[in-house]
Amino acid sequence: MKPSAFDYHAPRTLGETLEVLAGAGPHGKVLAGGQSLIPLLNMRLAAPSHLVDINRVTSLDTIAVRDGGVRVGALARHAAVERSAAVARAQPLLGAALRLVAHPVIRNRGTVVGSLVHADPSAELPAVLTVLDGSVRLARHGGGERDVPAGEFFTGPLESATEPGELAVSAFFPALPARAGSAFCEVARRHGDYAMAGAAAVVVLDEDLRIASARVACVSAGPVPVLLDMSEVCAHRPAASDDWDAVARAVRDLIDPEGDIHATAGYRRHLTGVLAARALRIAAQEATEDRDDATGGPR
Amino acid sequence: MKTDGRPAVSEALHEITLTVNGVVREAKVPGRRLLSDCLRHELGLTGTHVGCEHGVCGCCTVLLDGDPVRSCLTFAVSVDGHEITTVEGLSGPGGELSPVQRAFSECHALQCGFCTPGFLCTVTALLRDNPAPTEDEVVEGISGNLCRCTGYQNIVKAVHRAAELMGDEA
Ligand SMILES: Cc1cc2nc3c(=O)[nH]c(=O)nc-3n(C[C@H](O)[C@H](O)[C@H](O)COP(=O)(O)OP(=O)(O)OC[C@H]3O[C@@H](n4cnc5c(N)ncnc54)[C@H](O)[C@@H]3O)c2cc1C
Ligand code: FES
Ligand code: FES
């Protein structure tokens, strides 16, 4: 099918973009990579009267590694963030997750910030932002900017804290501290599809290489990314000898996923437990190696 | 005629200029015109095929400033001023087939041919960026393109064969 008609706006600056968005209010939609929005328009599941295309606002096409993390501008495409060596050094979980997002051709066009605002509970990047305690920066005409932490940004399936008239200008993914590791594990029906279940994990060790903190954000397990703190369950054991089966059981008990045509609720619960424990185990392993790294220090 | 409380929209036409296969082309399109439809209808380039119109099948893949993208998930007006390469632009000036096209033909990498334009564009960019891909890299590279006929075996073979042909020519 084809989209229904809309008024097309092509601002070139951030100021112009915010002005147009303010004018359009609830009838306006931002067009970034279009890789989620255009399918919805084609199927007429969305029919905004004003489309505000930010693809010419080149000042939003930024990837900056600073202030202890990675700040990704609204026009940075998945592929550019995935390819950035500086991002890989500062926050390897981003690249690991991006390689699981759709296919390379979709990643050439889709944006990281667009994926966050789209807020699909099956998407990888919202889970990454959640487990890292990142944030999204929103701006509106005449209203300045506000930073919304990940825990408040995702409000429901395909719903975020972005209000009508607001533009998400960037997202911030904090770097990991020293002696930390991360991993993303998922199972999809076909490589590149949205995952049936998956988990982004971050493990931080103490000076004796025992698990000080273990966090995991699960995808497709609820209306928003489901953040679980497994630190207690990991019981401050040495990374190499933890009881990962107990972790998997604890995750299964904590989540309440829904079933659909691809997976029953029970299967999804089981799979999430397995994947969360696997991601935590790999992250713990990586954290141990991080400690052994000759360079040491924060990455 | 509006039924859903949306404010009326004007459906204004936008004049756009695209460089398609090296030729500067102009078109007048409404904002909602998909690049796939602009190529096929306004510009008469029907080599770009349309299967699903939601990004899944890959038939409509074209090169935007050299990078493969879904033309069904791109508005023509968004890429005003940019360069597009379609399957019609892959062959040489005298119509001789490109190495990728020759390899597809040699290896029987197509049956009905509906998916082929998308594969050819995707693979052309893949081999440009990675002239000697591993088996895994080939499979990952074409994972976003569906083919209902061939079972993919010969397509994978053709990608390796194209890499060989391009190596020989270099
Ligand atoms: C075949 C296919 C498979 C896919 N598989 C996956 C997958 O496995 N995992 C995954 O995570 N994603 C997947 N995607 C989606 C893809 O990652 C999208 O690129 C992403 O979800 C949205 O980014 P975008 O830039 O394309 O946003 P758009 O489609 O342009 O916009 C999405 C939504 O966000 C809003 N928006 C975008 N940017 C802003 C902004 N800066 N400020 C305010 N609002 C904004 C838009 O108004 C719209 O509502 C897939 C897509 C396709 C077509
Ligand atoms: S028609 Fe564009 S991906 Fe199927
Ligand atoms: S050759 Fe028929 S779909 Fe691929």
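I take a polar contact to be a pair of N or O atoms within 3.5 Å, and with that cut-off in hand I went first to A:Asp193, where a polar backbone atom lies 3.3 Å from an oxygen atom of ligand 1. I note at the outset that this is a predicted model.

**Entry 1: the ligand site**

I stayed with ligand 1 and looked up its other polar partners. A backbone N or O atom of A:Leu37 lies 2.6 Å from an oxygen atom of the ligand, while for A:Tyr194 I found an N or O atom of the side chain 3.2 Å from a nitrogen atom of ligand 1. I then asked how many residues surround ligand 1. The list runs to 32 residues, and the closest are A:Val30, A:Gly34, A:Gln35, A:Leu37 and A:Thr111. A:Leu37 therefore enters my notes twice, as one of the closest residues and through its backbone atom at 2.6 Å from a ligand oxygen. Which chains contribute to the surroundings of ligand 1? I found residues from both A and B around the ligand, so I record the site as shared between chains.

**Entry 2: the two domains of chain A**

I next turned to the division of chain A, which gives domain 1 as 1–175 and domain 2 as 180–293. The C-alpha centres of these two domains of chain A are 26 Å apart, and their contact draws 24 residues from domain 1 and 21 residues from domain 2. Between them the domains bury about 1,800 Å², with 65% of that area on carbon and sulfur atoms. On the domain 1 side, I noted that A:Leu100, A:Pro121 and A:Val131 lose the most area to domain 2, together 29% of what that side buries.

**Entry 3: polar links across the domain interface**

I looked for charged pairs and found a count of 1 salt bridge between domain 1 and domain 2 of chain A. In my notes on individual side chains, A:Arg215 and A:Asp133 meet in a salt bridge at 3.5 Å, N to O. Across the interface of the two domains, 6 residue pairs are in polar contact, with both residues at pLDDT 80 or more.

**Entry 4: what domain 1 presents**

Which elements of chain A each supply at least two residues to the side of domain 1 that touches domain 2? I listed helix H5 (92–98), helix H8 (124–131) and strand E8 (154–156). The largest share, 6 residues, comes from H8(A). By class, I recorded 13 nonpolar, 7 polar and 4 charged residues on this side of domain 1.

Note on methods. Residues are numbered from 1 along each chain as its sequence is written. Chains are lettered from A and ligands numbered from 1 in the order in which they are written. This is a predicted model: local features need pLDDT of at least 70, side-chain atom pairs count only at pLDDT 80 or more; totals for chains, interfaces and linings use all residues. Side-chain values use heavy atoms; hydrogens and water are left out. Domain bounds come from an automatic or database domain assignment. Contact means heavy atoms within 4.5 Å. Buried area is the accessible area (1.4 Å probe) that two parts lose on being put together, summed over both. A salt bridge is a side-chain nitrogen of Lys or Arg within 4 Å of a carboxyl oxygen of Asp or Glu. A polar contact is a pair of N or O atoms within 3.5 Å; within protein, one must be able to donate a hydrogen and the other to accept it, and residues adjacent in sequence count only if both atoms are side-chain atoms. Helices (H or I, at least four residues) and strands (E, at least two) are DSSP runs, numbered from the N terminus. Ala, Val, Leu, Ile, Met, Phe, Trp, Tyr, Cys and Pro count as nonpolar, Asp, Glu, Lys and Arg as charged, and the others, Gly among them, as polar. A residue is near a molecule or strand if one of its heavy atoms lies within 4 Å of it.
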